[in-house]
Amino acid sequence: MAKLEFEKDGVEIRRSLLSRDTVESVKTDIDLNSPELRKHGIRNLEKKFESIARLGSDDRLLSLAGNLLCGDVSLVRALFFDKTPDKNWLVAWHQDKTVTLNAPADLSGWGPWTLKDGVHHAQVPESVLNQMLTIRLHLDSTDEGNGCLEVIPGSHEHGVLERHEIAELVGSGRVFPCVADAGDAVVMRPHLLHRSQKSTQPSHRRVVHLEFSSFELPAGRSWA
Ligand SMILES: O=C(O)CCC(=O)C(=O)O
């Protein structure tokens, strides 16, 4: 299968972005029994785990994001996903197009705004998504057997999609399974079409999902 290239495909896999030691320290730091981790994804991971805070200010990650976004970047969201035989799930084809802010902002093309768990969420226009980058850091190896991320390379170029457009692209696009080892990273545009299927293997599939952005929020607003 041809190698993915970020410029063209909107996604690529960076091999061994994290050292073995870093992977082990993150695994040790993230307490899998923490009530926070009962859900599939948790917010503000960087405020709860020291090792994730370190990743958020890691020079390698910041310069990778800064180079791909061509600007000053910061970490705006950190989530954790795990799949196990007890906590197994799938996500259908979708684009990530929501951000979280401390307060709503009157910005053209942003919305609808919703309040979930006290946090303001908004869908953002493609111009903002183009100033965002997702880096998914793998703590375990992953393939189709344990529900790796699958993507449709180049699908981000179609902008923010309606449901029927997603169905059309899924029908006609090339599906690429992001097979990765622990320490590898999937680097992608948030609005690239992606999904993941249930794991059929009795193992962890841990991913630290980091979103970086170079978008400058208006005064008084901060990423939540
Ligand atoms: O980690 C996964 O399997 C899927 C996560 C996902 O779909 C997302 O981050 O939007």
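This is a short tour of a predicted model, with residues to select at each stop.

**The ligand and its surroundings**

Begin with the ligand and select the residues around it: Phe-81, Val-91, Asp-96, Gly-147, Leu-149, His-194, Ser-196, Val-207 and His-209. Two elements give two or more residues to this shell, namely strand E11 (194-196) and strand E12 (207-213). Colour the shell by class, and four nonpolar, four polar and one charged residues appear.

**Strand E12**

Keep His-209 from the shell around the ligand and select the whole of strand E12, residues 207-213. How many of the seven residues of E12 are buried? Six of them are, so E12 is largely enclosed by the rest of the structure.

Next, show the strands that pair with E12. Strand E2, residues 74-81, pairs with E12 in the antiparallel sense, over seven bridges. Strand E7, residues 132-138, also pairs with E12 over seven bridges, in the antiparallel sense.

Return to His-209 and look for its partners in these strands. Leu-79 has His-209 as its bridge partner in E12. Arg-136 stands opposite His-209. His-209 is therefore a useful residue to label: it is among the residues around the ligand, it is the bridge partner of Leu-79, and Arg-136 stands opposite it.**An open sheet of three strands**

Now move to strands E4, E6 and E5, which form an open sheet in that order, with antiparallel pairing. Which strands stand at the edges? They are strand E4 (98-101) and strand E5 (113-116). Each has a single partner strand, so one side of each is left without a neighbour in the sheet. From one strand to the next, the twist averages 35 degrees.

Select E4 together with strand E6, residues 119-123: the two run antiparallel and are joined by four bridges. To find one residue pair here, pick Val-99, whose bridge partner in E6 is Ala-122.

**Helix H7 and Ser-172**

For the last stop, select helix H7, residues 163-172, and find Ser-172 in it. Is Ser-172 buried or exposed? Ser-172 is exposed, because 8 other C-beta atoms lie within 10 Å, and a residue counts as exposed with 12 or fewer.

Finally, add Glu-24 to the selection and draw a line between the C-alpha atoms of Glu-24 and Ser-172. These residues are 148 residues apart in sequence, and 40 Å apart in space, C-alpha to C-alpha.

Key. Residues numbered from 1 in each chain as written. Predicted model: local features only at pLDDT ≥ 70, side-chain atom pairs only at ≥ 80, totals over all residues. Near = placed C-beta within 6 Å. Nonpolar A, V, L, I, M, F, W, Y, C, P; charged D, E, K, R; others polar. Buried ≥ 20, exposed ≤ 12 C-beta atoms within 10 Å, placed from the backbone. Pairing = 2+ DSSP bridges. Axes fitted to C-alpha atoms, helices over the stretch in contact; angles between N-to-C directions.
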